[in-house]
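Biologist: Please take a close look at one part of this model for me. I would like the place where two domains meet, and then how far the rest can be trusted.

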Amino acid sequence: MAVLMCLRWSAHEKAVGSLARKLGFTQVSLSSEVMPMIRAVPRGYTVCADAYLTPKIRQYLRGFTSGFRGGLKDVDVLFMQSDGGLTPMGQFCGSRAVLSGPAGGVVGYAVTSYSSTENKPVIGFDMGGTSTDVSRYAGQYEHVFEATTAGVTLQAPQLDINTVAAGGGSRLFFRSGMFVVGPESAGAHPGPACYRKGGPLTVTDANLALGRLLPAFFPRIFGPGENEPLSSEETMRHFRQLTKEINLFLSAQSQGGANGPGQARSSGAARGSKTEMSVEAVAMGFIRVANEAMCRPIRALTQAKGHDTSKHVLACFGGAGGQHACAIARALGMKTVFIHKYSGVLSAYGLALADVVEEVQEPCSLQYESRSFTELDRRVDLLSQRCQDTLRARGFNSSQIQTEVFLHLRYEGTDCALMVTATGYPGNPQSCRAGDFRSAFTKRYLKEFGFTIPDRPIMVDDIRIRGSGMSGIKSVTQTKSDCGPAKAATVTKCYFEDGYLDTSVYLWEELSCDHSIPGPAMIIDKNSTILVEPGCTAQLTEKGDVCISVETDSLCALGTELNAIQLSIFSHRFMSIAEQMGRVLQRTSISTNIKERLDFSCAVFGPDGGLVSNAPHIPVHLGAMQETVQYQIKALGSSLKEGDVILSNHPCAGGSHLPDLTVITPVFWRGVSGPVFFVASRGHHADIGGITPGSMPPHSKSLQEEGAVFISFKLVTGGVFQEQAVTEALMAPAQYPGCSGTRNLHDNLSDLRAQVAANQRGSLLVGELIDHYGLPVVQAYMGYIQSNAELAVRDMLKEFARRRQQQQTGSLEVESEDFMDDGTPIRLRVKINEQEGSAVFDFTGTGPEVWGNCNAPRAITLSALIYCLRCMVGQDIPLNQGCLAPIKVIIPPGSILQPSHSAAVVGGNVLTSQRVVDVIFRAFEVCAASQGCMNNVSFGSERSGYYETVAGGAGAGPGWHGRSGVHSHMTNTRITDPEILEKRYPVVLEQFSLRPGSGGAGQYRGGDGVIRKLLFREKVVLSVLTERRSTQPYGLNGGESGAAGLNLLHRADGRVLNVGAKTSVSLDPGDMFSLHTPGGGGYGKEEDGDEPQPSKRRRLNETFIERGSVFEYRRAQESV
């Protein structure tokens, strides 16, 4: 159980726990004991997981010990925990056990691969049959203290292990002209096709088809009876069928017959492609795509913390890792691959090398300053003594015990806390006795984020002590020496980029430490196969491990004709550039919105301003940034020079709303007069002036009331940041009555510099890509990637048209209409051309510009349209300009969807965008309406300000009920944790619950909205910007509408007031705001609920379960 604020007063939680035990509950988990860290939601998840898993673990342990004489009563049995430390069997609990298996592998490679003399950091690459895990070690284990596994957020110390792919079981697909690997997995059952159990093609099959796996060296454990060898025949049969499909597609594309008339760009791009691929070329293509897909998260893991990926050693283990190690290292620029002699079972080996660990932790709310050092030292001493006493009781003497002190530190007013150790920073008169944590914190902060905040106090959130009982066990095995050359067991044919090559096969057990093995070669033992690629050389170490020297990747001789394999690889490379830009922006920004809420997008654009890749996928930014870049190309043209950077936010120039500032950098290339690419970053700035703090006024009537305006402002000229000019522009709104200039100039300037730095990183990466492939090739594949997205959208439109014709109406025109709360209609008519797979989206009939701020710039409608098309395609496609290539969009000028240049637009970005989505989905009968609102709530005073968006009900659809209490469509914002909210702001969260019955009835019910009640302890100004208060989210195909929302104000004197959809009101202490959010619409007639529903066959192991800091970062960014 978890009680709110129990870390300040745990007696209530303990009292409830005592009652539960008296009532007969055998397992009682209390959050204040399981993980005493602030933040109620993840702590609640953690204690629930602990209460569920710990009894299961104890049940297993009873069965395990019962098989031994005496039940192992006097035997010291240890189990690995998620943090990489061992714990006695009696202390092993569910919340600390989730990653115990992968943690053993991290300990294994950390102890065996890292050299304390060379200090060269190591990337762990653990590729098995069903998952691929990536981690990093540089002399200390890297822990995270909050991570999500299988959708459950656990607040417990865990090694930062990132599951990035499905391993050898990753499934292979050919979709819309692109090679796709995963995320779907064949799992252990049925497994790959070669397992003889009816499984699909996987990465393992591709390696087998290329001769990189030899069935003769595998045990006969496959097939239904588990007594047969790997089946090369089954693998080749599947590959021949897939190769036939690929060649048919390429042949149709080359003849221009796939898309029909009027599509010169798409068909022309494919017309130059080679029309015949061999089975081996197809298999090799999937291997290359799989490798590139695994390289992306490795880059993200290292560069997120300011490390150079190429400066690492790749420690490879797991049964499938050795087949990909050389290619992965080469792609990442690494020079060395290390493979331990027990790499196939390194997780088990790591258990024997691990230390016994005891951790204690308690919350703290002290400022790190001299007045607090005495109290900090006292608490550190007490916790350290607890650790030491526990380890002594387990049989360790003082010489075997080490303790390490950690403080969970953050700058005041920020949420970005770091768990910091003072190792290497001894105590001094200006620090606490445990070490100079201020210096340790500022140095690490500078390393990870590129700056510090010297004038900001440092807060201590938690004190943590990690005590280790040193096992003293070391890996000291020696390998024999043999002066003769290595003897190959056999020679086989293996397929590489240059075709089949003779490849020597060596048995690991027969090699000695002085043997050097040039590639191509294979080294095989009982648990793994290592592929030494051409140009690489393997050497055995004295301990019998394999160390491979990897040659650097040479320049790629690639033509401009379409290659389906390279198309997939370039898609990953372009996306990687945008992702790395985002990492730089997040690291170097200073504001909470960008650094912690991750409210930004980074993107790469072609010379025409067309979107090539956008990461991450914040829906409301998707089409808008393209409009902004294309506006600058038209407005500035040839005046753009190298060293220029443009700033823009005006709606007429593709802006969404004024706080979203877009920074655009043209990329030039030698010998070319104009830009060859553009890179851009868009970030939400917390304040840029206007009539209210936060620049999100609920009652703005003109654009000038919403803050500073930039159309084509040169932020950097000739490489010089124009600080004075941009400062004047940010302060300019103060000239208008009732308005202020920006209220946070320092953060604005810092974040703008961070956006410039992110763009610079993108520009350099684009240059590296051009250096490697050549400008014509890179620009050609830019076009091919856009064509691929276009093809997927055309296929979806053709399929929809075919379904319509099968119905009685057979009409290829669909239309829909919905209304804003003020009665303004948003009307859409879609006309589809089945032959071309194209469509006209005509918003004629939509209401005029409104006297308010719900006007939505054209770019918002395009963003909503791209989002809807992506959802309806139903598969992972590149989100770029190609999505809109088959679409013609007609928006009447002067309407709410294309207002005048001076119209207020802040509500259009967060409210009208949702209504556009509802209208599009209604036309295509995709699903019922979701809540159709972001429920924007803000409050503040002269001392502080707070902003949140609140969830509601999602619409139901054919085959599913709507989810309750979630954000949907154009936003997915995470809300502030209740304990953080109440600790930092003058408010009490009285209620936050689902709103029963608010979802629309039907065969499939709409999701319920929520009720959120905020009781204020001080005078504040409350601002509310909402929709769906007078209109209801529609039901579909007979389903009922969801309930409308309601905004109530409970005055301290007992009055209850309906404050309406959009308001700003002064509140006194004791006043309470009650927000009732809309429910989602239902789908289908309720009486049809008893009819047999179409069964949806669920594939086993449909996708692998992602986890780790890279996943958490992307998940957080997609939650903006």
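Modeller: Here is the domain contact, followed by confidence and two backbone details.

This is a predicted model, where local features need pLDDT of at least 70, side-chain atom pairs count only at pLDDT 80 or more, and totals for chains, interfaces and linings use all residues. Residues are numbered from 1 along each chain as its sequence is written, and side-chain values use heavy atoms, with hydrogens and water left out.

The protein chain is divided into domain 1 (1-75), domain 2 (357-469) and domain 3 (927-1087 + 1103-1119). These bounds come from an automatic or database domain assignment.

Now the part you asked for. The C-alpha centres of domain 1 and domain 2 are 27 Å apart. Domain 1 gives 4 residues to the contact and domain 2 gives 5. Contact here means heavy atoms within 4.5 Å.

Together the two domains bury about 400 Å², with 64% of it on carbon and sulfur atoms. Buried area is the accessible area (1.4 Å probe) that two parts lose on being put together, summed over both. On the side of domain 1 that touches domain 2, there are 4 nonpolar residues, no polar ones and no charged ones. Nonpolar covers Ala, Val, Leu, Ile, Met, Phe, Trp, Tyr, Cys and Pro; charged covers Asp, Glu, Lys and Arg; the others, Gly among them, are polar.

Across this interface the rule finds 0 salt bridges. That rule asks for a side-chain nitrogen of Lys or Arg within 4 Å of a carboxyl oxygen of Asp or Glu.

Next, confidence. Mean pLDDT (the predictor's confidence in each residue, from 0 to 100) is 85 for the protein chain, and 90% of its residues reach 70 or more. Over residues 257-273 pLDDT stays under 50. Residues 1094-1101 also stay under 50. Where pLDDT is low, the predicted coordinates should not be read in detail.

Last, the backbone. The peptide bond from Gly519 to Pro520 is cis, with omega near 5 degrees. Arg196 has a positive phi, near 65 degrees, and is a residue other than glycine.
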